[in-house]
Structure formats: structure tokens, C-alpha cells
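Dear colleague,

I am passing on the structure below, and I would be glad if you could look through it alongside the notes that follow it.

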Amino acid sequence: MSGLNQTSTVVPEFLIVGFPGFRDQESRQTLFGVFLTVYLFTLLANMLLIAIFTSDRTLHTPMYILVCGLAVLDIAISTNTVPSLLVLIIFEYRIVPLAACFTQTMFLSGLFATECFLLTLMAYDRYFAICYPLHYPNVMSNSHITKLMAYCPVFGFLSAGGSLVLVLRLSFCRPTNVIYAFCDFGSLLFLACGNIQVTNYVVLCIALSVLCISLLLIFFSYLRIANSVVNIANKEGRMKAFYTCGTHMLVISVFFLTAVGVMFSDRIPSVSMDIRILGVLIRNVFPALMNPLIYCLRTKQIRCSFVKMLRKITN
């Protein structure tokens, strides 16, 4: 980011100019093609997963309701950022009203926190299914898991709203150029006048709290799962439990590793702005692309349902 004019003028909009290292026509066309292809595949894969779930009533169980919810969330996260990025690449810059920037920031942060809580709920579901298999059908019903899922966006957007309230209290100066791909708390804080150190640390602490609380609860759940799986006498039962949990752990690893990597790279001065922007985009798009592939490739029941759906369509 560069070029802030530190005046007291309050601005109604600012200019996003995108990648500093991709200014020529050929580079922008390549970027446009790559991100458009990834976005379309992300939409197709997640919508396919939702279609498989809705077409097969045998999948209407708590675990697959959560997987379907994750697919909806992945579509929302990628749609919040990638289309605006594609517009930016085509026109080289994009004028964004401050209100629209706040809205995109709110949704980006809120959806990200919601996915953290949803992945935590998925770990809790597996913990209850493996550690208390006899009580699981009665306690974790479809209606109960749906109610628990409804709390995820509530807490997710509350955490995002807390950060946004702090940022809204700042004064913003007229920028010349803002080198970024879309609006988030980092770009908003860069536009603020005066000393923003306290607000920056509080916003970072809120984001880290969401990540750490989710990771601690997931770690606790899988610690208890590991202890229960070891005590399963049936080897086939142990392998099934490990396989099911392994799929979820792979999804968790993709999401949290990219999130933590971006969070720390943003605070390393030697990292170029192009790498930072690409890192944030990978955080928003890569998990959304990988999640349906992981579940389709590693979950036999989803694969069978997909085959049945294809047979219905062709017949």
C-alpha cells in the first residue's frame, strides 16, 4: 500500500489499484483467467455438493448437514471477494465508496469467523458420534444440529461487528492509491488518520481469539476422540473412525494453515505486496475449492450418491 495523503479530509470513497507487479496487459489477462477459472470451479464443486445432499435423503444426517452448510459458506466467502477482484483486474483500478468497503469488510470477516465456528461444530459432532455413539442419534438430531449451526453466523458476525465498530470510530484521510485487491480491516486501517496502533492491536486480538478458541476446542475434541478410538476393540471400527476424522482434519488444516500464514505474513515487512494480496486470495478461495474435492474423494457415501444422481439425470 502506498500514497496516503495525511490530511483531515474525510473521504466518501477510495481507489483500489490492485497488484503492483502485474501492470502489463498480458499479466492481467493471465491473472483474470486463473482467478475466473478457480472461481467457476469453486462454485461448480460446492453447488454439486449441495445438489448431491438435497437429492439423496440418506445424506440428511447431522454430519452431512454440516458439510452442506460448509459448502454454502464457501460459496459466500469466495463470492464476496473474487468478482470484485475480476472487475479490478479488467479495469486496472476500482473506485469503492467507503460504505461499500465497510460492507465487504463486515461480510468477509463475519463469514471467515462463521467458518471457524462451523469447523469447530463439525469437530464436536465427530466427538459426540465416536465417544457417545449410543446417545448420538437422540442428542444430535437434524433439528438440533441446525439450531447449533444457526449460532455460528451469529457469533461470527458479532466478532466482526466488534472490530468494525472500532474502525468506524476512526477518521479517514483521502488516499491517492490503495494497492490492494478488496476491502478488509488491513486496508481500512491503512486509510485511517492519526495513531491507529491500539485499534490495530484490538482488531488483531479479536481475530486471533476467534482462531485460537476454535483451534483449542477442535484440539480438545480430537484429543478425546483419539482416546476413544484407541479403546475400540474392532479394528474395522477404528479404521472407519480414523478415516472419517482424517477427512475433517484435512479440511481443518487447509483452512487454518492458510489463515494463520496470511495473518503472520501481513506483519512481515520484507514480504512484497503482491505476495500478501495473493496470500489473502488463496486464503479465501483455496479452502472453498478444496473442501468439496476432499469430501467427494474421501467420503464413499457422497461418491455413491453422486453416481446415483448421474444415473437419474441420464435416465
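The notes below go from the overall layout to the core, the pocket, the salt bridges and a few pairs of residues.

Please keep in mind throughout that this is a predicted model. The protein chain contains 10 helices and four strands, and, followed along the sequence, these elements come in the order β-β-α-α-β-α-α-α-β-α-α-α-α-α. Of the 315 residues in the protein chain, 48% are buried.

The UniProt entry, which is unreviewed, carries the annotation "transmembrane region" for residues 31-52, 64-91, 98-124, 148-168, 175-192, 198-220, 241-265 and 277-297. I compared two of these spans with the model. Residues 31-52 are 100% helix and 0% strand, with their end C-alpha atoms 31 Å apart; residues 64-91 are likewise 100% helix and 0% strand, and here the end C-alpha atoms lie 41 Å apart.

As for the packing of side chains, the largest nonpolar core comprises 94 residues, and within this core Leu 119 and Phe 172 have the most contacts. Helix α3 gives the most to this core, namely 19 residues.

The second largest pocket may be of interest to you, and its volume comes to about 660 Å³. Its lining consists of 24 residues, and those that lie nearest the centre of the pocket are Met 63, Arg 126, Lys 240, Ala 241 and Thr 244. Sorted by character, the lining residues comprise 14 nonpolar, five polar and five charged. Several helices take part, since α2 (62-91), α3 (98-131), α4 (136-139), α8 (235-265), α9 (273-298) and α10 (300-314) each supply at least two residues of this lining, while the largest share, six residues, comes from α8.

A search of the whole structure for salt bridges returned two. One of them joins the side chains of Lys 308 and Asp 56, at 3.5 Å from N to O, and this pair links distant parts of the chain, as Lys 308 sits in helix α10 and Asp 56 in the loop between α1 (25-55) and α2, 252 residues apart. The two partners differ in their exposure: Lys 308 is partly exposed, with a relative accessible area of 41%, whereas Asp 56 has a relative accessibility of 7% and therefore counts as buried, the cut-off for buried being under 20%. The other salt bridge is formed by the side chains of Arg 126 and Asp 125, at 2.9 Å from N to O, and both of these residues are buried. Arg 126 thus appears twice in these notes, as it is also among the residues that lie nearest the centre of the second largest pocket.

Finally, I looked at some pairs of residues through their C-alpha distances, and two of these pairs involve helix α1. Ile 52 is found in helix α1 and counts as buried because its relative accessibility is 1%; its C-alpha atom is separated by 7.0 Å from that of Met 309, although the two residues are 257 residues apart along the chain. Thr 54 is also found in helix α1, but this residue counts as exposed, because its relative accessibility of 51% lies over the 50% cut-off. The C-alpha atoms of Thr 54 and Cys 68, which are 14 residues apart along the chain, are separated by 8.9 Å.

Two further pairs start from other helices. Arg 224 has its place in helix α7 (residues 197-230) and is partly exposed, with a relative accessible area of 33%; from Arg 224 to Phe 128 the C-alpha distance is 9.7 Å, and the two are 96 residues apart in sequence. Tyr 243 belongs to helix α8, the helix that also gives the largest share of the lining of the second largest pocket. Tyr 243 is partly exposed, with a relative accessible area of 42%, and the C-alpha atoms of Tyr 243 and Arg 298 are 8.2 Å apart in space, with their positions 55 residues apart in sequence.

With best regards

Notes: Residues are numbered from 1 along each chain as its sequence is written. This is a predicted model: local features need pLDDT of at least 70, side-chain atom pairs count only at pLDDT 80 or more; totals for chains, interfaces and linings use all residues. Side-chain values use heavy atoms; hydrogens and water are left out. On a 1 Å grid over the protein atoms alone, a cavity is a set of points where a 1.4 Å probe fits but cannot get out, and a pocket is an open set with protein on both sides within 12 Å along at least five of seven lines; lining residues have an atom within 4 Å of a point. Grid points are joined across faces, edges and corners, and a volume is the space filled by probe spheres set on the points. Ala, Val, Leu, Ile, Met, Phe, Trp, Tyr, Cys and Pro count as nonpolar, Asp, Glu, Lys and Arg as charged, and the others, Gly among them, as polar. A nonpolar core is a set of buried Ala, Val, Leu, Ile, Met, Phe, Trp, Tyr and Cys residues joined through side-chain atoms within 4.5 Å. Buried means under 20% relative accessible area, exposed over 50%, partly exposed in between (1.4 Å probe, protein chains only). UniProt positions are given in the numbering used here, feature names are shortened, and annotations may be inferred rather than shown by experiment. A salt bridge is a side-chain nitrogen of Lys or Arg within 4 Å of a carboxyl oxygen of Asp or Glu.
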